[in-house]
Amino acid sequence: MERGGFVYIITNKNHMVLYTGVTSDLRNRVYEHVNNHYPNGFTSKYKCYKLVYYNFFWSIEEAIAEEKRIKAGSRIAKLKLITDFNANWNDLYKTLD
């Protein structure tokens, strides 16, 4: 059985740092970021705890390909992606069910 995946972007409170990731369990993965589950990791170091973008794909391979595409793009492209999806840069973690 194939399992889907999410591409997501989280940021710090001043929106200066963007982290793009991929996961099959978005709620749990963001929970790990928010709670510094990996204290030596990038998101802990730069205090990236705010989920501002996510997109679901039916296969994890598609999600990984999209993550690579986003990471290869410019910061301006990432900002546009976020703003088009979440114009006010609200923390979307609170909306996950």
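Begin by selecting Lys 50 in this predicted model: the residue is buried yet forms no salt bridge. The nearest side chain of opposite charge belongs to Asp 91, at 7.1 Å. Because a salt bridge requires a side-chain nitrogen of Lys or Arg within 4 Å of a carboxyl oxygen of Asp or Glu, that separation does not qualify.

Next, add His 15 to the selection. Its side chain and that of Lys 50 are joined by a polar contact of 2.9 Å. Then display the surroundings of Lys 50: leaving aside residues up to four places away in sequence, it touches Ile 9, Ile 10, Thr 11, His 15, Trp 89, Asn 90 and Asp 91. Lys 50 itself belongs to strand β3, which spans residues 50-57.

Move now to helix α1, residues 26-34, and select Leu 26, Arg 29, Val 30, Glu 32 and His 33, which are buried. These residues lie on the same side of α1, because they cover an arc of only 150° around the axis. Residues three or four places apart in an α-helix point the same way, since there are 3.6 residues a turn. Show β1 (5-11), β2 (18-23), α2 and β3 as well; the buried residues of α1 pack against these elements. After α1, select Asn 36, whose phi is positive, near 50°.

Finally, centre the view on Ser 44 in helix α2, residues 42-45. Is Ser 44 buried or exposed? Ser 44 counts as buried because its relative accessibility is 11%. Its side chain reaches the backbone oxygen of Tyr 38 at 3.0 Å. Beyond residues up to four places away in sequence, Ser 44 touches Asn 36, Tyr 38, Pro 39 and Tyr 49.

Terms used:
Residues numbered from 1 in each chain as written. Predicted model: local features only at pLDDT ≥ 70, side-chain atom pairs only at ≥ 80, totals over all residues. Heavy atoms only, no water. Helix = DSSP H or I, 4+ residues; strand = E, 2+ residues; numbered from the N terminus. Buried < 20%, exposed > 50% of the residue type's maximum accessible area, 1.4 Å probe, protein only. Lys, Arg positive; Asp, Glu negative; His and termini not counted. Polar contact = N/O pair within 3.5 Å; in protein donor to acceptor, adjacent residues only side chain to side chain. Contact = heavy atoms within 4.5 Å. Arc of directions from axis to C-beta.
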